[in-house]
Amino acid sequence: MKDDLKGLMPNRGVPPISAGLGDLIKVDHRTGSDRGGYYIRTVSGRKLYWDDVEHHDYSITDIAHALGSRVRWTGHVIRVKGKFISIGQHCCVVHDLIAKMPTATPSKRKQGLLHDGAEAYMPDFPSPLKWWMRSKGNDELFKLENRVDAALCKCFNIQYPWDPEIKEADLIALATENRDFMPDGNSERNFMPEPMAKRIVPWSPDRSTAEFMKRWNAILKEEKQ
């Protein structure tokens, strides 16, 4: 136990080394915190500190990688030949729906790709869970998610809050995923818009990441023209 405590450093809001052993074992100091506070490490090696999400160096490749690795619908989806619908693929679907709208702009397409960007850093809490927590007076998940969304949009110079058409495309994608990947989801679809006519074929995580970056880079190229 003594060896485990040698490298511990006092953190903001964390008991210092001089605290009693009973205080020390309340928090796991061995990972996820340093002198800057509590953080997560991204695939590029960056640290996102939860007390300072506004000043994180957001990386689009971090976001594409993480979203491509995360399963939609809290993981409770039907897999097709071992593949699942990821959050990254969902964002690509939303982007493609927006791109087909007569009012599509590069800004709106970026919003479509990044409308779930916070989920690259936070767990994909299902909306009913967040609504339930809100009904109990706990808004912290909503607040943190909004802070991350606002911060990454500022980093990438994207409009926030989102354009209303983003939610429209998001709900169409949601209805399509409900039809294609959720067992017995007809009752929920009664409250959703009509799904897309074409079924969604799930991608691998690597393809989801690549397709996300393909769309992002195409937008950047268009903006430079």
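Two residues are taken to be in contact when heavy atoms of each lie within 4.5 Å, and the packing described below for this predicted model rests on that criterion.

The protein contains 10 helices and 3 strands, and along the sequence these elements follow the order α-α-β-β-β-α-α-α-α-α-α-α-α. Of its 225 residues, 44% are buried. Among the contacts with a separation of 6 or more, 60% join residues 24 or more positions apart.

Helix 4 comprises 13 residues, from 87 to 99, and spans 18 Å between its first and last C-alpha atoms, close to the 18 Å expected at 1.5 Å a residue. This helix is mostly covered, with 11 of its 13 residues buried; the buried positions begin with the run Ile-87, Gly-88, Gln-89, His-90, Cys-91, Cys-92, Val-93, Val-94 and His-95, and they also include Leu-97 and Ile-98. These buried residues pack against four elements, namely helix 3 (60–69), helix 5 (106–114), helix 8 (164–181) and helix 10 (205–224).

Two of these partners of helix 4, helix 3 and helix 5, also pack against helix 10. Where helix 5 meets helix 10, the axes are 10 Å apart and the packing angle is about 160 degrees; because angles over 145 degrees count as roughly antiparallel, the two helices are assigned to that class. The crossing of helix 5 with helix 10 is left-handed. From helix 5, the contact draws on Pro-106, Arg-109, Lys-110, Leu-113 and Leu-114, while helix 10 contributes Phe-212, Arg-215, Trp-216, Ala-218, Ile-219, Leu-220, Glu-222 and Glu-223. By residue class, the contact of helix 5 with helix 10 consists of 8 nonpolar and 5 charged residues, with no polar ones.

For helix 3 and helix 10, the axes come within 8 Å and cross at roughly 140 degrees, an arrangement that makes helix 3 oblique to helix 10. Helix 3 passes helix 10 in a right-handed crossing. On the side of helix 3, the residues involved are Ile-60, Thr-61, Ile-63, Ala-64, His-65, Leu-67, Gly-68 and Ser-69, and these face Pro-205, Ser-208, Thr-209, Phe-212, Met-213 and Trp-216 of helix 10. The contact of helix 3 with helix 10 is made up of 8 nonpolar and 6 polar residues, and no charged residue takes part.

Phe-212 and Trp-216 of helix 10 appear in both contacts, meeting residues of helix 5 as well as residues of helix 3.

Terms used:
Residues numbered from 1 in each chain as written. Predicted model: local features only at pLDDT ≥ 70, side-chain atom pairs only at ≥ 80, totals over all residues. Heavy atoms only, no water. Expected span 1.5 Å × (residues − 1). Buried < 20%, exposed > 50% of the residue type's maximum accessible area, 1.4 Å probe, protein only. Axes fitted to C-alpha atoms, helices over the stretch in contact; angles between N-to-C directions. Parallel < 35°, antiparallel > 145°, perpendicular 65-115°, else oblique. Left-handed = near helix turned anticlockwise from the far one by under 90°. Nonpolar A, V, L, I, M, F, W, Y, C, P; charged D, E, K, R; others polar.
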